[in-house]
Amino acid sequence: MEHSILLVEDDEILAENIQTYLERKDFEVTVCHSAEDALEQLGSFAPDVVLTDNSLPGMSGHDLIQKLRISAPDLKVIMMTGYGNVEDAVVAMKEGAFHYVTKPVALPELKLLLDKALATDRMERTLSFYQEREAQKSGVQALIGESAPMAYLKGTITQLLDAERRMANSDLPPVLVEGETGTGKELVARALHFDGPRAKGPFIEFNCASIPSNLVESELFGHEKGAFTDAKERRMGLVEAADGGTLFLDEIGEMDLLLQAKLLKLLEDRTIRRVGSVKERKVDLRVISATNCNLEQMVQQGKFRRDLFFRLRIISIKVPRLYARGADILLLARHFLALHGKRYGKPNLHFSDQAEDLLLSYSWPGNVRELRNMLEQTVLLAQSDTIAVHQLNVCLSLMDEPPMFHHEPPHFSEQRASFNGSDSMNLPEVERDMVRKMLDKTDWNVTKSARLLGLSRDMLRYRIEKLGLARPDKRQW
């Protein structure tokens, strides 16, 4: 593939020599003899790199760089300068030039420099593509749901983003995102970043529970060469990598007290010190943290710093559990069914009515993550377009409460209370006992029992099968 070069050089012989050499190396070269001519050419021609002399008739190379910095900030510019004017080239790099080359120009050296500029441009374009793609799927629109809890969550995020856009400076307040495991706390953090004023900066995520505590400090703050046994070279930490963007600290409740003190200093002073270094570095970032722990309780127990807790939760956002979101369960289930169906080449999948009843009545202890992962297995093993109730591999033994209790008739409140007061029975046993007692009471009339329990007939049949219940033989009575 040919790369296009705009050469700006008033020395016609030198310009011709450079053009001939580069064209032999498969570059497409357009020559201009003044900066004014180059700017006119750029109106209809988009080169990959601009190669310009500093001393030009009329506008100088410096003037050209300054104008290109405004009109084409991503365009790579290489400055050619006399041997005794290297200081001018250094100034040009501060103004935005990619690099410089001294005259007399060594053509092989120029070719290597052009290759380096093109490789850098390609890498930046690739990163920009992935960042834009990430932004497209990470804003508020990625939070699927129309229920009242989700409407409140989206409203809170939108209010915060609107307030941040009106701020005079970029020093955004820390945000603490709270919610059960699997509710989508990371999506909230991404929405705050990619829809906020720091969207062009990096989004760096770190799970505080993912690596041993003795390595967390080096991972976050970096280290100098020789700082410890395995520190064979200097390394930048994730905090520095997030400079200009957002640092997302997931599972913040797992961070030990020593590191909590360092994090507090980062939030207060916006400075860090690499492990093994005596020099402090300034950073400009926004910190978003998330937890499924009760941090207030941890503060009372001395497991989490009180001052850090209040510093992290200047803005506090709570993400609702899936079961509290009602009809959003079906909305998300259909979304994931279509998503996995596309991935596995099964585009026409849909749920049966009984399967949708189960999705709505199940308590989803693993929240949205459990729903998504469970449906991947369902799609993978599906042999027809209709997903039946027996294909939903839910974990009844992990339920927070028997699903039938959510819509239980009033006259079951006393019976439920007696079950909850029993310390010796776990939830599956409570459910099995209640279903069996109701079936015995109605002489195993499934329709009547289902109505009394607030379930559909098929849902009760599903539970009878799952719980391994069988009608007793009256002949043995």
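A residue is buried under 20% relative accessible area, exposed over 50%, and partly exposed in between. The exercises below apply this to a predicted model.

**Exercise 1.** Classify Lys265 and its salt-bridge partner Glu280 by accessibility, and place both in the chain.

Solution.
- Step 1. Lys265 has 33% relative accessibility, so Lys265 is partly exposed.
- Step 2. The relative accessible area of Glu280 is 36%, and therefore Glu280 is partly exposed as well.
- Step 3. Between the two residues, the closest N and O atoms are 3.4 Å apart. A salt bridge needs a side-chain nitrogen of Lys or Arg within 4 Å of a carboxyl oxygen of Asp or Glu, so the pair qualifies.
- Step 4. Lys265 sits in helix α10 and Glu280 in strand β10 (residues 280-282); the pair, 15 residues apart, links distant parts of the chain.

**Exercise 2.** Find which parts of the chain the salt bridge between Arg270 and Asp171 ties together.

Solution.
- Step 1. The structure holds 27 salt bridges. In one of them, the side chains of Arg270 and Asp171 meet at 2.9 Å, N to O.
- Step 2. Arg270 is in the loop between α10 (257-269) and β9 (271-273), and Asp171 is in the loop between α6 (148-165) and β6 (175-178), so the bridge ties together parts 99 residues apart in sequence.
- Step 3. With a relative accessible area of 12%, Arg270 is buried. Asp171, at 45%, is partly exposed.

**Exercise 3.** Describe the salt bridge between Asp433 and Arg436 and its setting in the helix.

Solution.
- Step 1. The N to O distance between the two side chains is 2.7 Å.
- Step 2. Both residues belong to helix α17 (residues 427-441) and are three residues apart, about one turn of the helix.
- Step 3. An α-helix has 3.6 residues a turn, so residues three or four places apart point the same way.
- Step 4. Asp433 is buried at 15% relative accessible area, while Arg436 is partly exposed at 34%.

**Exercise 4.** Classify the aromatic pairs Phe203 with Phe248 and Tyr362 with Trp364.

Solution.
- Step 1. A pair of aromatic rings is described by the distance of the centres and the angle of the planes.
- Step 2. There are four aromatic pairs in the structure. For Phe203 and Phe248, the centres are 6.1 Å apart and the planes 25 degrees apart, which makes the pair stacked.
- Step 3. Phe203 is in strand β7 (residues 203-207) and Phe248 in strand β8 (residues 246-250), so this pair ties together parts 45 residues apart in sequence. Both residues are buried.
- Step 4. The Tyr362 and Trp364 rings have a centre distance of 4.6 Å and planes at 80 degrees, so they form an edge-to-face pair. Tyr362 is buried at 0% relative accessible area, and Trp364 is buried at 0%.
- Step 5. Ring pairs also join Phe194, Phe203 and Phe248 into a cluster.

**Exercise 5.** Decide how far helix α7 (residues 185-194) is covered.

Solution.
- Step 1. Eight of the 10 residues of α7 are buried, and the helix is mostly covered.
- Step 2. The buried residues include Lys185, Arg190 and Phe194.

**Exercise 6.** Locate Asp26 and the charge patch to which Asp26 belongs.

Solution.
- Step 1. Asp26 lies in the loop between α1 (12-24) and β2 (27-32).
- Step 2. Its relative accessibility is 53%, so Asp26 is exposed.
- Step 3. Together with Glu2, Glu23 and Glu28, Asp26 makes up a patch of negative charge on the surface.

Conventions:
Residues numbered from 1 in each chain as written. Predicted model: local features only at pLDDT ≥ 70, side-chain atom pairs only at ≥ 80, totals over all residues. Heavy atoms only, no water. Patch = residues over 30% accessible without salt bridge, like charges linked within 9 Å, V, L, I, M, F, W, Y side chains within 5 Å. Areas by Shrake-Rupley, 256 points an atom, 1.4 Å probe, with all protein chains shown as cover. Lys, Arg positive; Asp, Glu negative; His and termini not counted. Charge placed at Lys NZ, Arg CZ, Asp CG, Glu CD. Helix = DSSP H or I, 4+ residues; strand = E, 2+ residues; numbered from the N terminus. Buried < 20%, exposed > 50% of the residue type's maximum accessible area, 1.4 Å probe, protein only. Phe/Tyr/Trp six-rings, centres within 6.5 Å; stacked < 30°, edge-to-face > 60°.
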